[in-house]
Structure formats: C-alpha cells, structure tokens
There are 2 protein chains.
Amino acid sequence: MYFQGKKDIVANKMAAMLLDIGAVKLQPHKPFKWASSWNAPIYCDNRLTLSYPEIRNFVKESFISIIKNKYSAIDAVAGVATAGIPQAALIADAMNLPLLYVRSKTKEHGMENLVEGKIINEGKVIVVEDLISTGASSLSAVDALKRTGMQVLGMLAIFTYGFETAEVNFKKKNVPLHCLTNYNYLLSVALERKYIGERDMEILNAWRRNPDKWGNRK
Amino acid sequence: MYFQGKKDIVANKMAAMLLDIGAVKLQPHKPFKWASSWNAPIYCDNRLTLSYPEIRNFVKESFISIIKNKYSAIDAVAGVATAGIPQAALIADAMNLPLLYVRSKTKEHGMENLVEGKIINEGKVIVVEDLISTGASSLSAVDALKRTGMQVLGMLAIFTYGFETAEVNFKKKNVPLHCLTNYNYLLSVALERKYIGERDMEILNAWRRNPDKWGNRK
C-alpha cells in the first residue's frame with residue numbers, strides 16, 4: 001500500500017507543479033471559453049508538463065507506482081490520442097510493455113484504425129489519459145479498445161475536475177480511474193500558494209457543481 | 001562517425017523488422033488504396049513497432065545515435081502528431097530534454113495550439129516523424145515550429161519512400177532528413193527474405209517513379 005499512504009503527497013505536489021508552470025490557470029473573474037463552449041474559471045494544459053523533464057518524470061513515476069500497486073499483471077499500455085500518448089509511451093518503455101494508442105475518431109479515408117499498434121486478444125491493458133472532464137472521450141477510447149477484444153483494467157490520468165457526471169460515467173462502464181490530482185487538491189494548493197483568495201473559492205466551487213450552466217448569464 | 005559506418009546495418013535491420021512484423025506490406029499484384037487516393041503496392045504502418053519493445057528500443061537507440069553523432073547541442077525534441085509522438089517522448093526521456101508535439105491542424109474551437117508544450121525562443125529542436133511520403137505534412141509541422149521562434153535542426157523518421165518530391169521539398173526548406181531505412185533497403189531485404197520475387201521489382205520500382213499516376217488504369 002505504498003501509494004495509498006503517499007496519495008495526498010502526490011496529489012498536493014502534482015497540483016503545485018501544475019500551478020507553478022502555468023499548466024493550470026485559475027481566472028474566476030475572467031473566465032475561459034472551452035472548446036465545448038462552456039465558460040469556465042479554469043483552463044488546464046497538462047501538455048506543458050511534457051516540456052519539464054523533472055515534472056514529466058514525476059508523472060511517469062507516479063503512474064508506474066499506481067500500476068505496480070493496483071495491478072498484478074498487465075499486457076500493454078494504451079495512450080488516448082493525442083495528449084495521453086507521451087506518458088503512455090514512457091510507462092510502456094519503463095515497464096518494457098507493448099504500447100498502443102487510441103484515436104477519438106478515424107481519419108476520413110484510408111486504412112487508419114481507431115486503435116493503433118498490435119491488438120492482443122484478451123490482453124490486459126491500462127489506459128493513459130491526460131485530463132478527465134466529463135469522461136466521455138476517455139470512455140469512448142475504452143470502448144474502442146474493448147471492441148478489439150482487449151480487457152481494460154483501468155485508466156490513469158494526471159488531473160480530473162471531479163465532475164459528478166464523470167464519476168457516474170466511469171462507474172457505469174466499470175472502469176477504475178486513478179488521477180494524480182484533482183480539483184479539490186488544486187483549489188486548496190492554489191489558496192495556500194496565494195494563486196487565489198478565500199473569496200474566489202465560492203465562485204470556483206459553484207462552477208464545479210454546474211459547469212454546463214455556469215457563467216452563461218446573458 | 002560511429003553511425004555513418006553502421007548506416008547500412010541499421011537500414012537493413014530496420015527493413016527486416018518492419019517486414020517481419022507486417023508493419024510494411026508489399027502487394028504488387030493487389031495494390032492498397034492510400035488515404036491520398038493513390039493506389040500503391042506498399043502499405044506502411046510503423047505504429048506496429050510501438051507494440052514490440054525490442055523493435056521500439058532499436059528505433060529509439062538508432063534515433064539517439066543519429067542525434068548524438070550529428071548534433072552537438074539541442075534544446076528540445078518535437079514529435080509530429082500522432083505517430084511521431086511516442087518516439088519523440090522516448091528520445092526526450094532518454095536525453096532528459098523538453099518534449100513538444102505538433103498537430104497537423106488546430107481543433108476548430110477552443111484554445112488548442114498547433115504546437116503543444118513549452119515554446120523555447122530560438123530553441124534548437126529535433127523533429128521526430130514516423131514516415132515520409134511527399135514530406136508535405138512533416139514540413140508543415142516544421143513551419144509551425146519555426147513560426148513559434150524555434151530553430152529546427154533536422155528531422156528523424158523511421159522510413160521514407162524516397163520520392164523525388166520529398167527530397168526536393170526537404171532541400172527547399174533546408175531541413176536535413178535522417179531516415180532509419182528507406183524503400184531501396186526495403187526492396188532488397190524483401191527480395192532476400194523472399195517476401196517478393198525478382199519479377200515484382202519492376203512493378204515496385206515503376207510505382208516509386210510515378211506514385212501519383214501508378215495503378216490508375218481505367
């Protein structure tokens with residue numbers, strides 16, 4: 001249970017790293033517009049972690065720690081395209097395992113697959129994701145892997161907003177989700193490090209409860 | 001000049017590996033239809049190499065060998081999305097360098113960039129690609145990196161068809177291209193290992209001279 005005891009330490013450290021390099025930005029008074037058209041007081045670009053070898057290694061080692069503590073035997077690692085691929089590659093490399101990756105959709109023409117790499121029939125796979133919002137695209141990658149005959153043991157991600165809808169979606173699909181940190185840890189570290197003030201917390205918590213409706217005041 | 005002397009050995013070994021795992025398929029009598037709508041006697045899926053740790057390591061070590069022999073100082077490694085990302089990640093990891101990746105186009109909405117990761121102004125970057133056909137998409141990734149203010153030193157790829165148009169395109173942009181193997185090595189290894197016969201060579205060479213016109217007999 002090595003990782004269990006370290007969970008808070010990892011979650012706090014990861015949150016601090018994301019904030020310190022500007023991978024996560026909190027702007028309760030100047031919301032971002034997400035691709036989904038939601039307004040949000042937070043924007044998350046975990047891809048920046050790839051450019052900091054020390055942070056990238058922390059993510060890699062933490063993911064490997066979870067795998068070694070929770071899963072006894074796995075046959076392959078799969079990254080969700082695009083942002084999940086680099087860490088999936090690093091884990092596969094460190095554990096000397098086959099690597100696959102999963103696209104969100106096939107290219108229009110040609111022979112491209114949803115799942116790239118060698119399918120292992122009934123092979124046990126761990127899926128690596130960057131970021132969990134509703135979980136919809138991550139779980140569609142899981143579905144694509146399952147359709148090939150592989151068994152998805154669980155999913156790893158750097159960060160989750162912790163939306164209730166994501167929790168429901170992962171439970172429904174019976175996919176254990178392990179995130180290095182989450183919105184709660186992030187807010188508490190951000191407050192401690194003075195990225196936000198006490199009064200911002202109410203706005204930030206209100207958004208998380210109703211992310212699809214928040215900030216759409218006309 | 002460690003790599004120079006080993007170039008043929010690497011190229012032959014890489015070609016044999018690609019053929020043996022079915023990453024490259026030669027069907028002179030039953031052409032493939034490419035995404036570009038070209039008919040072709042060859043189909044190349046280098047992503048399969050990712051699922052074979054031994055081959056993946058060979059690619060990684062060969063790429064690192066080229067970098068160490070040809071480039072004295074680099075600041076970052078960039079993968080071309082999607083298939084170039086995994087090896088770019090492995091090289092960045094082994095060399096303890098920042099990693100970036102480059103999309104072929106931005107998503108329609110939101111704040112996605114063409115170049116993901118941290119831009120290093122005037123930073124010297126090596127670009128990692130999977131496969132070179134005309135070079136158009138690979139060189140548009142180079143352009144995207146240059147527009148951010150980074151310096152592209154050169155590009156690495158697993159395989160090139162060796163089309164004249166690619167050679168012209170890379171020269172025009174002044175980007176040195178280093179491929180682990182190419183169509184010539186592939187055909188000679190395929191012949192030697194009896195994947196094809198002597199009489200197939202004429203068809204396969206005719207295709208390479210005019211890939212855009214070949215096989216379009218009505």
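This is a short viewer tour of a predicted model, with stops in the core and in two loops of each chain.

Before you click: residues count from 1 along each chain as its sequence is written, and chains are lettered from A in the order in which they are written. Local features need pLDDT of at least 70, side-chain atom pairs count only at pLDDT 80 or more, totals for chains, interfaces and linings use all residues, and side-chain values use heavy atoms, with hydrogens and water left out.

**Stop 1: the core.** Select Trp34 and Ile42 in chains A and B: these four touch the most other members of the largest nonpolar core, which has 116 residues. (Such a core is a set of buried Ala, Val, Leu, Ile, Met, Phe, Trp, Tyr and Cys residues joined through side-chain atoms within 4.5 Å; buried means under 20% relative accessible area, exposed over 50%, partly exposed in between, with a 1.4 Å probe and protein chains only.)

Now pick Trp34(B). Skipping neighbours within four places in sequence, its contacts (heavy atoms within 4.5 Å) include Ile42(B), Tyr161(B), Phe163(B) and Trp207(B).

**Stop 2: a cis peptide.** Go to Ala81(A) and Thr82(A), joined by a cis bond with omega about -5°. Thr82(A) sits in the loop between strand E5 (76–80) and helix H3 (85–95) of chain A. (Helices, H or I, have at least four residues and strands, E, at least two; both are DSSP runs numbered from the N terminus.) Over in chain B, Ala81(B) and Thr82(B) also share a cis bond, with omega about -10°.

**Stop 3: positive phi.** Select Asn96(A), not a glycine, yet with a positive phi of about 55°. Look for it between H3 and strand E6 (99–102) of chain A. Asn96(A) is partly exposed, at 48% relative accessibility. Asn96(B) has a positive phi near 55° and is partly exposed at 47%.
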